[in-house]
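Work through the exercises below with the sequence and the model open. Each task is followed by a solution in steps.

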Amino acid sequence: MTEFLVKKFVKDSENIESTQVRTRYGILSSIVGILCNVFLFSVKLTIGILLSSLAVTADAFNNLSDAASSIISFVGVKMAGKPADAEHPFGHGRIEYVAALIVAFLVIQVGLTFLKSSVTKIIHPEEISFELIPFVILILSILVKLWMAFFNKKLGKRIDSKVMLATAADSLGDVVTTGATVLSILICHFTSVNVDAIAGLIVSIIVIWSGISIARDTLEPLIGQRVPTELYQKITKLVDSHEGILGSHDLIVHNYGPTQKMASIHAEVPNDMSIEQAHTIIDHIERQAEKELNILLVIHMDPVEMHDEEILTLQEKVKHLIHALDENLKFHDFRVIKEEEKRILLFDLVVPDSYSHSDADRTMQQLMHLIHEENNQTDCIITLDRNFEAPEK
């Protein structure tokens, strides 16, 4: 069913890097959610009125409120798909994260409401009666919500949409809460043991934790997170593959939405290469990154000494001393300023994430002492640096 709907309503569905295609996916997800929730609302409201059942009628309006998640998703996806303008030169993609955050709070609110109801039932237990028609409606609701959860999760993973994944979690939360109700009714009917309140308490905690997890995952790209390993490797591989580039470092990626990224990287070039030649190579890489990876890449050139034996020897000595301190330490941007007999070494020292600020500062001081001890005519200017790549899982 999912693939049928995608092929029917999402034009050019394979081109998931396109903002327009992502918007089509979002609209499809939202409309399906609205229709499913309105369908459940209509069925439950009709039966609730016919049976004069307050519980079924209340559940009907709960489904109507669930449609709000789909409406929020619809508005969020539409606004996120707006092109860049004078006030927002990087587009509006982050609105999708905001929409997902709102859905996450709705999930938490459902969990808190369920928690309050469960605690009340523990203090003041209520009898649970088995009625066939309301029970069948609950099963129908579980089936519809379960399909909605899988539907949104599949589309959300396909296009890396936080708001769709949040909506999927919202539907799954409804499945868990309704499923717990069904299980409680069956246990009470066949064993006369009322576990409704205890089951509700456990489920409410699960739902609240699910909402908190969604909020945490949604906040990460808004706050700023490390470069995913796969993307890190794609960008560095593209840069390093060009003739004239000796290596790269200091890759930073800024996320302005799932399809809008801006990155900067330092590319090492031979110091005897002309400015015009280096610029031509780098300009070509930047255009290729935008075309192939859909990333606005800005490259900073770092000249690397290739022939001066004295500088190359000093570089090897520094490398040996750094590895002697810690094999996990790295360095780059190595330069030497010559002042008569004196030498000033300048380089960036990359420390592991496990290092605290005091650890990094102590290591830097140790390294400066070792270098000066080896040659008292040598001083250092060291810049502490860290790696922005996400650790492999």
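Serine 73 is in contact with Ser30, Val103, Val163 and Thr167, leaving aside its neighbours within four places in sequence; contact means heavy atoms within 4.5 Å. The model is predicted, so that local features need pLDDT of at least 70 and side-chain atom pairs count only at pLDDT 80 or more, while totals for chains, interfaces and linings use all residues. Residues are numbered from 1 along each chain as its sequence is written, and side-chain values use heavy atoms, with hydrogens and water left out.

**Exercise 1. Two serines**

Task: State in which helix serine 73 is found, and whether serine 73 is buried or exposed.

Solution. Step 1: serine 73 belongs to helix 3; helices (H or I, at least four residues) and strands (E, at least two) are DSSP runs, numbered from the N terminus. Step 2: the relative accessibility of serine 73 is 5%, so serine 73 counts as buried. The cut-offs are under 20% relative accessible area for buried, over 50% for exposed, and partly exposed in between (1.4 Å probe, protein chains only).
Step 3: repeat this for serine 29, which sits in helix 2 (residues 19–51). Serine 29 is buried because its relative accessible area is 5%. Leaving aside neighbours within four places in sequence, its contacts are Phe151, Asn152, Leu155 and Met164.

**Exercise 2. The cavity**

Task: Find how many cavities of 30 Å³ or more there are, and which residues line the largest cavity.

Solution. Step 1: apply the rule. On a 1 Å grid over the protein atoms alone, a cavity is a set of points where a 1.4 Å probe fits but cannot get out, and lining residues have an atom within 4 Å of a point. Grid points are joined across faces, edges and corners, and a volume is the space filled by probe spheres set on the points.
Step 2: the count is one cavity of 30 Å³ or more, and the largest cavity holds about 30 Å³ of space.
Step 3: its lining consists of Asn37, Asp66, Ser69, Ser70, Lys145, Met148, Thr167, Asp170 and Ser171. Helix 3 (54–80), helix 5 (132–159) and helix 6 (162–191) are the elements that give two or more residues to this lining.
Step 4: sort the lining residues into one nonpolar, five polar and three charged. Here Ala, Val, Leu, Ile, Met, Phe, Trp, Tyr, Cys and Pro count as nonpolar, Asp, Glu, Lys and Arg as charged, and the others, Gly among them, as polar.

**Exercise 3. Salt bridges**

Task: For the salt bridges of glutamate 230 and of aspartate 379, name the partner of each.

Solution. Step 1: a salt bridge is a side-chain nitrogen of Lys or Arg within 4 Å of a carboxyl oxygen of Asp or Glu. The structure holds 13 of them.
Step 2: glutamate 230 pairs with lysine 234 at 3.9 Å, N to O. About one helical turn separates the two, because they are four residues apart in helix 8 (residues 229–240). Glutamate 230 is exposed at 55% relative accessible area, whereas lysine 234 is partly exposed at 43%.
Step 3: aspartate 379 pairs with lysine 342 at 2.5 Å, N to O. This pair links distant parts of the chain, with aspartate 379 in strand 6 (residues 378–386) and lysine 342 in strand 5 (residues 342–351), 37 residues apart. Aspartate 379 is partly exposed at 28%, and lysine 342 is partly exposed at 27%.

**Exercise 4. Nonpolar cores**

Task: Determine how many residues the largest nonpolar core has, and which have the most contacts inside it.

Solution. Step 1: a nonpolar core is a set of buried Ala, Val, Leu, Ile, Met, Phe, Trp, Tyr and Cys residues joined through side-chain atoms within 4.5 Å.
Step 2: the largest core has 22 residues, and Ile235, Val239, Leu251, Ile285 and Leu297 have the most contacts inside it. At least two residues of this core come from each of helix 8, strand 1 (247–255), strand 2 (261–270), helix 9 (275–293) and strand 3 (295–304).
Step 3: take isoleucine 285. Leaving aside its neighbours within four places in sequence, isoleucine 285 is in contact with Leu238, Val239, His242, Ile245, Leu297 and Ile299.
Step 4: a second, separate core has 20 residues, including Ile311, Val318, Leu329 and Phe334.

Technical notes. On a 1 Å grid over the protein atoms alone, a cavity is a set of points where a 1.4 Å probe fits but cannot get out, and a pocket is an open set with protein on both sides within 12 Å along at least five of seven lines; lining residues have an atom within 4 Å of a point.
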